[in-house]
Amino acid sequence: MFDYGPAAVLAATVGGVDDTRGPAPGGSEQSFRSIAQHGLIGDLHTVALVGSDATIDWYCPGRVDGPSVFASLLDAEDGGRWALAPTAPATTSRQLYIPDTNVLVTRFHSDQGISEVVDFMCLPGEEGVLGTADGTDGHVGRIVRRVTCVRGQVEFGMQLAPRFDYGRAHHQVRCHDGAAVFTSSHQQLTVRTTQVLDVDDGDISCTFTLTTGQSTTFVLRDGVETDDLDEVEAQDLYDHTVAWWQAWIRQSTYRGRWREMVQRSALTLKLLTYAPTGAIVAAPTTSLPEMLGGQRNWDYRYTWIRDAAFSIYALLRLGFTAEATAFFDWLAQRFCDRGADERPLEIMYRIDGEAVPDEEVLDHLSGYRGSAPVRIGNAAGSQTQLDIYGELIDSLYLYNKYGRPLSHDEWTDVRRLVDWVCDHWDEADSGLWESRGEAKHFTFSRLMCWVAVERAIRVANQRGLPADHDRWLATRDAIHLALWEQSYDEDLGAFVQHIDDDVVDASILLMPLVKFVSPTDPKWLSTLEAIEKSLVVDSLVYRYDPERTQDGVGGEEGTFSMCSFWYVEALTRAGRVDQARLAFEKMLTYANPLGMYAEEIGPNGEQLGNFPQAFTHLGLISAAFNLDRALG
């Protein structure tokens with residue numbers, strides 16, 4: 001039994017997941033578990049989603065953007081899973097994290113007794129946490145699953161059913177000496193245990209009974225494992241993992257009112273970080289729908305440039321300078337890669353900095369609750385989105401201010417970026433929301449082009465760096481005037497989504513946050529009011545009205561949680577602090593009981609979209625920091 005102490009369990013049990021449907025391995029209820037009924041474990045290379053019945057139903061070995069072996073989240077029958085739970089129906093199951101860690105506990109209460117499954121992924125040694133830029137840090141992925149009977153006598157069932165390469169590759173399995181080795185054409189996995197394993201058509205299973213105080217362990221390893229399972233070693237792995245996470249989160253400097261939620265957001269962001277390069281993925285899943293039965297199912301397992309400013313801001317605010325530095329170094333490599341005649345940046349990259357693969361539909365997977373298509377790759381990777389230059393240069397400005405000063409070579413590349421923006425800011429693009437319709441002159445894209453030039457001017461002036469001041473100042477002012485003259489609708493009394501339109505957009509909420517307009521300017525306050533009338537429902541915010549915006553996709557969607565946190569910040573800066581606090585507190589009720597958010601909130605308050613989403617947690621951290629400062 002893992003020795004983490006009863007006090008820790010009692011402290012962490014408050015607010016656990018409650019699932020009363022009686023999970024059981026192989027049961028039909030697998031397809032009905034909601035997105036929110038999952039916890040996340042990881043090893044800074046990849047992650048696994050663990051359901052509230054302790055089923056691992058999403059896992060891509062080696063790299064978070066690699067092919068899955070468990071994907072029952074996207075297809076209950078053919079996706080693959082690792083089920084581990086009491087065979088008798090549980091009256092309740094609850095999930096919690098060991099305090100200040102990403103070690104997950106799923107506890108079952110049943111007529112037989114109380115039992116639990118502890119799940120974590122092994123971290124590399126302290127000297128190898130960051131690895132190398134090409135990802136060859138020698139790290140071997142291992143999932144450790146420890147089953148314990150706390151009280152009574154509980155019979156457990158285990159079924160491990162991998163489906164390699166998103167269920168497209170066949171595999172073989174052989175058992176020997178307490179291990180099972182799964183072999184496909186390109187990959188091998190080994191599971192070790194002291195239990196007797198049965199083989200059935202490529203899957204393995206076992207049934208075992210534990211009494212009070214008894215435990216057993218399962219370890220799944222990338223590749224072929226030759227060593228015997230050592231219970232002492234398993235305990236050491238657990239102790240190291242808990243100590244590593246607790247030591248990491250102690251670096252946080254946030255001491256505000258929402259410390260628990262902010263720290264859980266920070267721990268989640270760390271899980272979404274690919275340690276060998278420092279890149280942070282938008283989300284670790286693909287094709288979880290923005291509306292059940294809809295077409296808005298995308299692959300988010302990549303790094304978006306627009307996340308850069310928000311990520312570096314949040315990391316620096318919380319005191320995680322090493323992570324901010326690693327992400328900045330990854331960014332610097334991206335904007336140094338291109339020649340003078342090429343478009344300076346792509347909107348997104350793989351975690352190793354390579355191009356995002358072409359979009360592909362996996363027709364053999366039915367999708368989450370039948371929400372097809374299931375996609376891998378992302379066609380938006382080839383779009384032109386002008387806003388990314390503002391987010392990138394804003395992140396460079398923040399890092400230059402709060403991290404370390406930009407080098408000469410980095411500043412030379414920044415000058416090249418700004419000159420490119422000066423040449424192209426007034427062109428049409430696909431916009432922040434990656435419209436697959438006709439390119440337009442989006443207000444947000446122009447706003448962020450203004451940010452790009454304005455922040456570069458600040459850095460040049462602060463440090464006396466060389467710059468084409470006359471041109472940059474002229475461009476900055478031209479964008480500023482164009483926004484007021486072409487994007488502000490006098491009849492509506494608001495900034496609109498794009499020129500020649502009268503539709504508002506939640507991205508406009510960032511105008512005062514990036515210091516384009518005073519948060520108390522009368523025209524901004526009327527814009528905020530127009531957004532509230534059109535897009536805000538209680539504390540929830542739609543990004544835009546799909547019926548009035550031709551985005552090339554169609555269909556409905558839920559509210560965007562990151563937009564809700566932008567709304568909180570806009571209220572805060574406008575002096576409506578009490579309203580901001582209430583909206584923030586309401587948003588906290590939409591998190592899953594472990595404190596994590598998917599991309600969207602559906603009509604019944606359910607979480608929709610890829611899970612968990614980095615952008616949402618970045619928005620939460622920023623809103624909490626600034627709201628707490630305003631209240632203080």
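**Figure 1. Asp203 and its surroundings in strand β13.** In this predicted model, Asp203 belongs to strand β13, which covers residues 203–211. Asp203 has a relative accessible area of 13% and is therefore buried, the cut-off for that term being under 20%. When the neighbours within four places in sequence are set aside, the residues in contact with Asp203 are Gln159, Leu160, Ala161, Pro162, Arg163 and Asp198. One of these contacts, Gln159, is itself the bridge partner, within β8, of Ala83, a residue that the view of strand β8 takes up again.

**Figure 2. Strand β8 and the strands that pair with it.** Strand β8 spans residues 142–161, and 6 bridges join it to strand β4 (residues 81–86), the two running antiparallel. In this pairing Ala83 has Gln159 of β8 as its bridge partner. Strand β7, made of residues 113–121, also pairs with β8 in the antiparallel sense, here over 9 bridges, and Glu116 stands opposite Thr148 of β8. Strand β14 (residues 215–222) is joined to β8 by 7 bridges, again with an antiparallel course, and in this case Thr148 stands opposite Ser215 of β14. Thr148 can thus be followed in two pairings, facing Glu116 in one and Ser215 in the other. Between β8 and β13 there are 8 bridges, and these strands too run antiparallel, with Glu155 having Thr209 of β13 as its bridge partner.

**Figure 3. The open sheet β25-β26-β27.** This sheet is open and consists of 3 strands in the order β25-β26-β27, with antiparallel pairing. Its edge strands are β25 (559–560) and β27 (607–608), each of which pairs on one side only. Strand β26, residues 600–601, is connected to β25 by 2 bridges, and the two strands run antiparallel. Within this pairing, Phe560 stands opposite Glu600 of β26.

**Figure 4. Gln607 in the edge strand β27.** Gln607 is located in strand β27, and its relative accessibility of 5% means that it counts as buried. Apart from neighbours within four places in sequence, Gln607 is in contact with Ile35, Ala36, Tyr590, Ala591, Asn592, Met596, Tyr597, Ala598, Glu600 and Ile601. Among these contacts, Glu600 is also the residue of β26 that stands opposite Phe560. For a sense of distance, the C-alpha atoms of Gln607 and His45 are separated by 25 Å, while the two residues are 562 residues apart along the chain.

**Figure 5. Helix α14 and its crossing with helix α13.** The 18 residues of α14 should span 26 Å at 1.5 Å a residue, and because the C-alpha atoms at its ends are 26 Å apart, the model agrees with this expectation. Helix α14 is mostly covered, as 15 of its 18 residues are buried. The axis of helix α13 (residues 577–588) comes within 11 Å of that of α14, and the two cross at roughly 145 degrees. This crossing of α13 and α14 is left-handed. On the α13 side the contact is made by Val577, Ala580, Arg581, Phe584 and Leu588, and on the α14 side by Leu620, Ala623, Ala624, Leu627, Ala630 and Leu631. Taken together, the residues of this contact divide into 10 nonpolar, no polar and 1 charged.

**Figure 6. Two cis peptide bonds that lead into prolines.** Most peptide bonds are trans, and this view shows two exceptions. The bond from Ala372 to Pro373 is cis, with omega near 10 degrees, and Pro373 lies in the loop between β19 (360–361) and β20 (375–376). The bond from Phe611 to Pro612 is likewise cis, with omega near -20 degrees, and Pro612 is placed in the loop between β27 and α14, the latter covering residues 614–631.

**Figure 7. Positive phi angles at Asp177 and Arg369.** Most residues other than glycine have a negative phi. Asp177, although not a glycine, has a positive phi of about 50 degrees and is found in the loop between β9 (171–176) and β10 (179–184). With a relative accessibility of 68%, Asp177 counts as exposed. Arg369 is not a glycine either, and its phi is positive at about 50 degrees. Arg369 sits in the loop between β19 and β20, where Pro373 is also found, and with a relative accessible area of 42% Arg369 is partly exposed.

Notes. Residues are numbered from 1 along each chain as its sequence is written. This is a predicted model: local features need pLDDT of at least 70, side-chain atom pairs count only at pLDDT 80 or more; totals for chains, interfaces and linings use all residues. Side-chain values use heavy atoms; hydrogens and water are left out. Two strands pair if DSSP finds at least two bridges between them. Helices (H or I, at least four residues) and strands (E, at least two) are DSSP runs, numbered from the N terminus. Buried means under 20% relative accessible area, exposed over 50%, partly exposed in between (1.4 Å probe, protein chains only). The expected span of a helix is 1.5 Å times one less than its number of residues. Contact means heavy atoms within 4.5 Å. Axes are lines fitted to C-alpha atoms, for helices over the stretch in contact, and angles run from 0 to 180 degrees between N-to-C directions. A crossing is left-handed if the near helix is turned anticlockwise from the far one by less than a right angle, and right-handed if clockwise. Ala, Val, Leu, Ile, Met, Phe, Trp, Tyr, Cys and Pro count as nonpolar, Asp, Glu, Lys and Arg as charged, and the others, Gly among them, as polar.
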